[in-house]
Amino acid sequence: MLGAAFLVPLPVLRSLLDPLRAVPSTISELTLLQLIGWQSPRLREGRWNEAKLLREATESLDEMSHAARADGVNVWARSGHRTLSQQRYLWNSKFRGRDSVRAPDGSRETLDGDLSAEEKVQRILSYTAFPGTSRHHWGTDVDMAQSFSDHCADYLLEHPGEAQPDGDEGAPADLPENCLPSHRWLLAHAADYGWHRVYDVARGGFQPEPWHWSYLALAVPALARYLAEVTGDLLRDRDVDGDSVVLDDFASYRDRFLLGVAPEALPGPAEPEGEGEPPAEDESGESPTVPELP
Ligand SMILES: [Zn+2]
């Protein structure tokens, strides 16, 4: 049936021939409202984790957690997919002073009612994404339970070097059980399963988050779609406190926070439709923004 091959559209044929160029169908099928967490895609709960994620991410996370258990380490994801309304609850609770925010120096503060909306937003953004822009909306990213707990998060942020696989022993006894072993195991092995830290160092956006891991086979194309298709207008009128501070200059927010991730988490330059080199400049004549490394 050789003739049937000619009926396959060229882009489909090309994606079959070159899997690196193909957007996984789980990502290409996401709607805009799913990309911003307003609606939820089909999610799977893992066997070894309580996080719900897109199917391939759940399968990979389970495989990784199973391998960690074989090494005597408990790797457990606590938070996976999050809806816009769940992110909004976290955000508005901080904005209204019902929940504390973590400052870049590690201290926690409750936002004073006298602060301007702009000041509140800037402080919340140290560790919390604006609702509708979180990577957790995509079903590709997780927060690992042990390193997300307050004691361990504080410790990892204060002593990042000691969390390396061959780092010093002698961590304080009040750390949660398995906090450092699980974090060290992930640093040594997670990449083998496609999981990477994206907020590993400060890049002018969010502060480092040692607990946050991303399944890049799905998260990179999800980010590419988000950057190309989501506008600030899509996020308006969704009852998020202080939203105009972010949405009135959404391009800056996008450059600083969505692009402020590890280089391997960034989509490559767009492939031109025809042959030849990709254009070095976009239509406005300006080079695309690339976040500065610290
Ligand atoms: Zn996270």
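Is histidine 212 buried or exposed? Keep that in mind while we walk through this structure, which is a predicted model.

1. **The chain as a whole.** Let us start with the overall picture. The chain holds twelve helices and eight strands. It has 294 residues, and 45% of them count as buried. Now look at how the chain folds back on itself: among contacts with a separation of 6 or more, 70% join residues that are 24 or more positions apart. Please keep this in view, as several of the points below show such pairs.

2. **The zinc site.** Next, find the zinc ion. Three residues coordinate the zinc ion: His136 through NE2, Asp143 through OD and His212 through ND1, at 2.1 to 2.2 Å. Along the chain, these donors follow the spacing H-x6-D-x68-H. Histidine 136 sits in the loop between α6 (117-124) and β6 (141-144), while histidine 212 belongs to strand β8 (residues 212-215), so this pair ties together parts that are 76 residues apart in sequence.

3. **The two histidines.** Here is the reply to the opening question: histidine 212 is buried, with a relative accessibility of 2%. Histidine 136 also counts as buried, because its relative accessible area is 3% and the cut-off for buried is under 20%. Try selecting histidine 136 and listing what surrounds it. Apart from its neighbours within four places in sequence, histidine 136 is in contact with Ser79, Gly80, His81, Arg82, Asp141, Val142, Asp143 and His212. Two of the names in that list, Asp143 and His212, also appear among the residues that coordinate the zinc ion.

4. **Helices α10 and α12.** Now turn to a pair of helices. Two packed helices are described by the angle between their axes and the distance between the axes. The axes of α10 (residues 216-229) and α12 (residues 250-258) come within 12 Å and cross at roughly 165°. An angle over 145 degrees counts as roughly antiparallel, and therefore α10 and α12 are roughly antiparallel to each other. Their crossing is left-handed.

5. **What the two helices touch with.** Which residues of α10 and α12 meet? From α10 come Leu223, Tyr226 and Leu227, and from α12 come Phe250, Arg254 and Leu258. Sorted by type, the residues of this contact are five nonpolar, no polar and one charged.

6. **Arginine 254.** This residue is worth a separate visit. Arginine 254 lies in helix α12 and counts as partly exposed, at 24% relative accessibility. If neighbours within four places in sequence are left aside, arginine 254 is in contact with Leu227 and Leu259. You can also check a distance here: the C-alpha atoms of arginine 254 and threonine 231 are 9.8 Å apart, and the two residues are 23 residues apart in sequence.

7. **Two aspartates with positive phi.** Where are aspartate 237 and aspartate 239? Aspartate 237 is in the loop between α10 and α11 (243-247), and aspartate 239 is found in the loop between α10 and α11 as well. Aspartate 237 has a positive phi of about 60° although it is not a glycine. For aspartate 239, phi is near 60°, again a positive value in a residue other than glycine. Aspartate 237 is exposed, with a relative accessible area of 72%, and aspartate 239 is exposed too, at 61%.

8. **Proline 210.** Moving to another loop, you will find proline 210 between β7 (195-197) and β8. Proline 210 is buried, and its relative accessible area is 4%. Setting aside neighbours within four places in sequence, proline 210 is in contact with Ser147, Leu156, Leu157, His183 and Arg197. Cysteine 152 is 58 residues away from proline 210 along the chain, and their C-alpha atoms are separated by 9.6 Å.

9. **Serine 65.** One last stop, this time in a helix. Serine 65 is part of α4 (residues 55-70). Is serine 65 buried or exposed? Serine 65 is buried, with a relative accessible area of 1%. Not counting residues up to four places away in sequence, serine 65 touches Trp48, Asn49 and Val75.

Definitions and conventions:
Residues are numbered from 1 along each chain as its sequence is written. This is a predicted model: local features need pLDDT of at least 70, side-chain atom pairs count only at pLDDT 80 or more; totals for chains, interfaces and linings use all residues. Side-chain values use heavy atoms; hydrogens and water are left out. Axes are lines fitted to C-alpha atoms, for helices over the stretch in contact, and angles run from 0 to 180 degrees between N-to-C directions. Helices (H or I, at least four residues) and strands (E, at least two) are DSSP runs, numbered from the N terminus. Angles under 35 degrees count as roughly parallel, over 145 as roughly antiparallel, 65 to 115 as roughly perpendicular and the rest as oblique. A crossing is left-handed if the near helix is turned anticlockwise from the far one by less than a right angle, and right-handed if clockwise. Contact means heavy atoms within 4.5 Å. Ala, Val, Leu, Ile, Met, Phe, Trp, Tyr, Cys and Pro count as nonpolar, Asp, Glu, Lys and Arg as charged, and the others, Gly among them, as polar. Donors are N, O and S atoms within 2.8 Å of the metal (3.2 Å for Na, K and Ca); water is not among the atoms, so sites may look incomplete. Buried means under 20% relative accessible area, exposed over 50%, partly exposed in between (1.4 Å probe, protein chains only).
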